[in-house]
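Hi,

Here is the structure I promised to pass on. Have a look at it first, and my notes follow underneath.

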Number of protein chains: 2
Amino acid sequence: MTFIEQLSAAWQKNNSLLCVGLDPDPAKFPAHLKGRDDKIFEFCAAIVDATADLVCSFKPQIAYFAARRAEDQLEALIAHIHEKHPGIPVILDSKRGDIGSTAEQYAVEAFERYKADAVTVNPYMGRDSVEPYLAYPDKGVILLCRTSNPGGSDLQFLETNGEKLYERVARLAAQEWNTSGQISLVVGATFPAEIARVRAIVGDIPLLVPGIGAQGGDIEATVNAGRTANATGLMINSSRAILYAGKDEGFAAAARKVALETRDAINQYR
Amino acid sequence: MTFIEQLSAAWQKNNSLLCVGLDPDPAKFPAHLKGRDDKIFEFCAAIVDATADLVCSFKPQIAYFAARRAEDQLEALIAHIHEKHPGIPVILDSKRGDIGSTAEQYAVEAFERYKADAVTVNPYMGRDSVEPYLAYPDKGVILLCRTSNPGGSDLQFLETNGEKLYERVARLAAQEWNTSGQISLVVGATFPAEIARVRAIVGDIPLLVPGIGAQGGDIEATVNAGRTANATGLMINSSRAILYAGKDEGFAAAARKVALETRDAINQYR
């Protein structure tokens, strides 16, 4: 199955547009995990097992693993998701972006080493920096378009030929680069009007929407702006608000409770 | 010493603007190395030892290590450069780019784990995606501005408020973000006129210039366009043309020969 097929199946099966972002910061882990060598894996696997029936995807953020020399735990985590929760796609959030020959190496990293189903990619270097990922026909490529951070406007909001740069990225991605149907886009929840602009440009392409939860994006406005005609089309990401909902041995149950509330809050507006 | 101070010292001591890019592809290694477990380290360390007196910096490309689960060899390689060739700065070419909290993790990866002296960063997500690297006052941050690949023009050459996007990035980086003097810029050698434009915008900020050698950029035009008043200001990168100059046990000597020729070709036009 392709990433898009897996995602569509997970939207239906779990009745969910929620993506749980796995940004494991050991400083925030419950005390009983802190002494363990494999604590990053253990923490994330517990979150995954507690929420897998409530999500359309999981999104591990590679920086949190790389900063702690924990690539082996990231490999183990993705293998765990594939084995225990087949059908839930894994998005490797690495935001890579480089010339073609180097992008080929990053595609090997994402798809052959980590066996992710999709990867986030930065569009600044243009089409040939994206194509090596598209050479894996079952995989998804999720391009940064409009990001949810304060500096996101520094470049993305610049006017160019009558449109904003992020709109140009959406147009290029959807109308020129997406010949194989593998491309999705990142559009931050802190800008619902811009989610609507991107949706108008790209048709039914899936949108990965970070920024609800800890970053403060509004769920109702996000869903209204971004859903497709069949009330899907979105992977609405929440990371910290779910991961760190509880601080003790009940952290996974606390995460499940927030994930359930978030899924249902999203569904209320579909 | 800061990255900029190390770089300035290496420009003088080795009379060189050459940066050797370490993009180790085991398929291109000499046969006698291919069976070794640590072949990536051994290959790169041999190149480093054969060229260290001819360069102003080394630039390992992390994708080539990550694709082969060889982060440990990258750590060992950078430690080897620091130990055997003190004073030659190491640029980790990882082109990271993410929101502040994640960029903090990537900064830990680059500067605390790998102990790089500088890191390449993608500007698409704006100022707060760059600031966490600047929190390390001795380190350099090298922002993508104008890249040497065919798709580089897709976004970077768009007109915005009377200038190209890459010019806007140069202006933002040099005039707004570079309050601490830690920022350099990447400008590809395949566009000498654009190197000159960037130089005019940014003053004496160092430019990392990929694209000579295998990518075909012209050395004379690059030096003329990019040098500063004291005939430095450039890190002119060559990777494949040096790394794979020889195919057998003499590969390091062959690499040295091409590195020497390249350094001297650059110096001819300073």
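**The sheet**

In chain A, β3(A) and strand β4 (residues 118-121) run parallel to each other as a pair, joined over three bridges. One residue match you can look up there: Arg96(A) has Val121(A) in β4(A) as its bridge partner. Before you go further, keep in mind that this is a predicted model.

That pair belongs to a wider arrangement. Chain A has an open sheet of eight strands, and reading across it gives β2-β1-β10-β9-β8-β5-β4-β3, with parallel pairing. The edges are β2 (57-60) and β3 (91-96) of chain A, each of which pairs on one side only. From one strand to the next, the twist averages 30°.

**A helix pair**

Next, two helices of chain A. Helix α9 (residues 192-202) packs against helix α10 (residues 219-226) at an angle of about 15°, and their axes are 8 Å apart. With angles under 35 degrees counted as roughly parallel, α9(A) and α10(A) therefore fall in that class. Their crossing is right-handed.

Which residues make the contact? From α9(A) they are Pro192(A), Ala193(A), Ile195(A), Ala196(A) and Arg199(A), while α10(A) brings Ala221(A), Thr222(A), Ala225(A) and Gly226(A). Sorted by class, the residues of this contact are six nonpolar, two polar and one charged.

**How the two chains relate**

Now for chain B. A turn of 180° with a shift of 0.0 Å along the axis lays chain A on chain B, at an RMSD of 0.0 Å. This is the relation of a two-fold axis. If you want to find the axis on screen, start from Thr160(A): its C-alpha is the one in chain A nearest the axis, 2.4 Å away.

**The interface**

How many residues are in contact between the chains? There are 41 from chain A and 42 from chain B. On the chain A side, α3 (62-66), α5 (100-113), α7 (152-156), β6 (159-160) and α8 (165-177) each supply at least two residues. Of the side of chain A that touches chain B, α5(A) gives the most, with seven residues. By class, that side of chain A has 15 nonpolar, 15 polar and eleven charged residues.

One last point on the interface: 100% of the interface residues of chain A are also interface residues in chain B, so the copies meet through the same surface.

Cheers

Methods
Residues are numbered from 1 along each chain as its sequence is written. Chains are lettered from A and ligands numbered from 1 in the order in which they are written. This is a predicted model: local features need pLDDT of at least 70, side-chain atom pairs count only at pLDDT 80 or more; totals for chains, interfaces and linings use all residues. Axes are lines fitted to C-alpha atoms, for helices over the stretch in contact, and angles run from 0 to 180 degrees between N-to-C directions. Helices (H or I, at least four residues) and strands (E, at least two) are DSSP runs, numbered from the N terminus. Angles under 35 degrees count as roughly parallel, over 145 as roughly antiparallel, 65 to 115 as roughly perpendicular and the rest as oblique. A crossing is left-handed if the near helix is turned anticlockwise from the far one by less than a right angle, and right-handed if clockwise. Two residues are in contact if their C-beta atoms, placed from the backbone, lie within 7 Å. Ala, Val, Leu, Ile, Met, Phe, Trp, Tyr, Cys and Pro count as nonpolar, Asp, Glu, Lys and Arg as charged, and the others, Gly among them, as polar. Two strands pair if DSSP finds at least two bridges between them. Copies are superposed by least squares on the C-alpha atoms of residues with pLDDT of at least 70 in both.
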